[in-house]
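Trainee: Could you take me through how to read a ligand site and the cysteines in a model of this kind? I would like the general idea before the particular case.

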Amino acid sequence: MMNSDMSTLSLSRLVLEMQESATLKMAKMARELKAKGQDVIDLSLGEPDFDTPAHIKEAAKKALDEGFTKYTPVNGLLELREAIVRKLARENDLQYTPNQIVVSNGAKQSVYNLCAALLDPGDEVIIPAPYWVSYYEIIKMTGGVPIIAYSNIENDFKCTADQIEALITDRTKFILYSSPCNPSGSVFSYDELKAIATMLQSYEHVLVVSDEIYEHINFADRHYTIASMDNMQDRTVIINGMSKAYAMTGWRLGYIAAPTWIAEACTKIQGQVTSGATSFGQKAAVTALDADQKPTIEMAEAFHRRRDLIIGLLEQIPLLLVNRPQGAFYIFPDVSAYFGKTAKNGSVIKDADDLSLYLLAEALVSTVSGAAFGNDRCIRLSYATSEAKLKESASRIEKALSQLS
Ligand SMILES: Cc1ncc(COP(=O)(O)O)c(C=O)c1O
């Protein structure tokens, strides 16, 4: 047996420089407190509280019973890629072929594949802030440089085409955003997307990666994708998946629709990393996409009611600045008016991290600091939970905040 000198053993610089996912970290802290018997309300995780609809589960069971348990093609079952092509035509008025689709183990892996496929060291990716936590870390992991386009609650957390244009350089590879947005819930309107598409006509070297995983949770309007705008489909990658629309977070199924050269590159990467998504899960995804979309519509309606409820409750808290999200299931209030205030134990709330930890300790409500999403004046609350829990958490938050002086 080899003798190892512990002082020479080390982790990679990659992992040492990587931030742990802030959302998963807060959820873990909440779970630990719960395990100690504390009555924690968890508003930190981005996960529908609904169960996967029964007909989707049945399709997976049937596939298992039929012995559908082997490797599938790396880029996904043809049957599923065809169902995705149908979905894109039906819902987004976009024409794709199955070889432009790559099915992965969740949209998170789709983001990783894309960054690994497109970025050389030093290449820049423009990400409008607030952004989904993983974008920043995945770009860094794959050698890219995240370039942030900032926004705040006054402009509904939406940066403009002009702001993005000001950040474009020769090294810009793509722009990456989610709309509806995690964490703000903001949705780019048709006109806002059109302005970005028009601006990009002057920058042929820049692609768009449009994360549309919250597509169906949109309270404002129908969903618009930049891929459907003039000259954009050939330079846009759509990311989507089953997690949010079908309450299938644990199934780990996401996909991209992309120009063929990008889809082929992502397949090449996936072929060396995961070999593709779970076989029987893919069968269930075909059913999810092809069947009646009523369960998805009903879940979106429930999120809409909860959004109105949580806005109404949080707006009553004196110093909170509450946004009015048009989609997803998050609210992103500006809590900066509490910075500098002191808790009963004498500790001072310096920033959103402190406030989020204070709410966990004092109100037993877990939220996520906006710092991880590129906005350190806000906290993110997920309202993917029951109305009773939302009411209880708002009243606990109000009480805890009123104790700051
Ligand atoms: C904006 C955004 N993109 C992608 C994902 C990842 O989804 P999946 O569960 O398919 O990996 C999430 C999950 O929270 C998300 O919020």
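Mentor: Let us start with the site, bearing in mind that this is a predicted model. The ligand sits in the second largest pocket.

Trainee: Which residues come nearest to the ligand, and how many residues of each class make up the shell around it?

Mentor: Among the 13 residues around the ligand, those that come nearest are Ala107, Asn182, Asp211, Ser243 and Lys244. Sorted by class, the shell consists of five nonpolar, four polar and four charged residues.

Trainee: Which side chains place a polar atom by an oxygen atom of the ligand?

Mentor: For polar contacts, one looks for pairs of N or O atoms within 3.5 Å. Here asparagine 182 has a polar side-chain atom 2.7 Å from an oxygen atom of the ligand, tyrosine 214 likewise has one at 2.7 Å from a ligand oxygen, and an N or O atom in the side chain of lysine 244 is 2.6 Å from an oxygen atom of the ligand. The protein buries 93% of the 400 Å² that the ligand exposes when taken alone.

Trainee: Turning to the cysteines, how many disulfides are there, and why does cysteine 115 have no bond to cysteine 266?

Mentor: A disulfide requires two cysteine sulfur atoms within 2.5 Å, and by this rule the count is zero. Cysteine 115 is unpaired because its sulfur is 9.3 Å from the closest cysteine sulfur, that of cysteine 266, which is too far for a bond. Cysteine 378 is likewise in no disulfide, with the nearest cysteine sulfur, in cysteine 181, 11 Å away.

Trainee: Are cysteine 115 and cysteine 378 buried or exposed?

Mentor: Buried means a relative accessible area under 20%; cysteine 115 is buried at 1%, and cysteine 378 is buried with a value of 1%.

Definitions and conventions
Residues numbered from 1 in each chain as written. Predicted model: local features only at pLDDT ≥ 70, side-chain atom pairs only at ≥ 80, totals over all residues. Heavy atoms only, no water. Buried < 20%, exposed > 50% of the residue type's maximum accessible area, 1.4 Å probe, protein only. Near = heavy atom within 4 Å. Polar contact = N/O pair within 3.5 Å; in protein donor to acceptor, adjacent residues only side chain to side chain. Areas by Shrake-Rupley, 256 points an atom, 1.4 Å probe, with all protein chains shown as cover. 1 Å grid on protein atoms, 1.4 Å probe; cavity = no way out; pocket = protein on both sides within 12 Å on 5 of 7 lines; lining within 4 Å. Sits in = over half its atoms within 2 Å of the grid points. Nonpolar A, V, L, I, M, F, W, Y, C, P; charged D, E, K, R; others polar.
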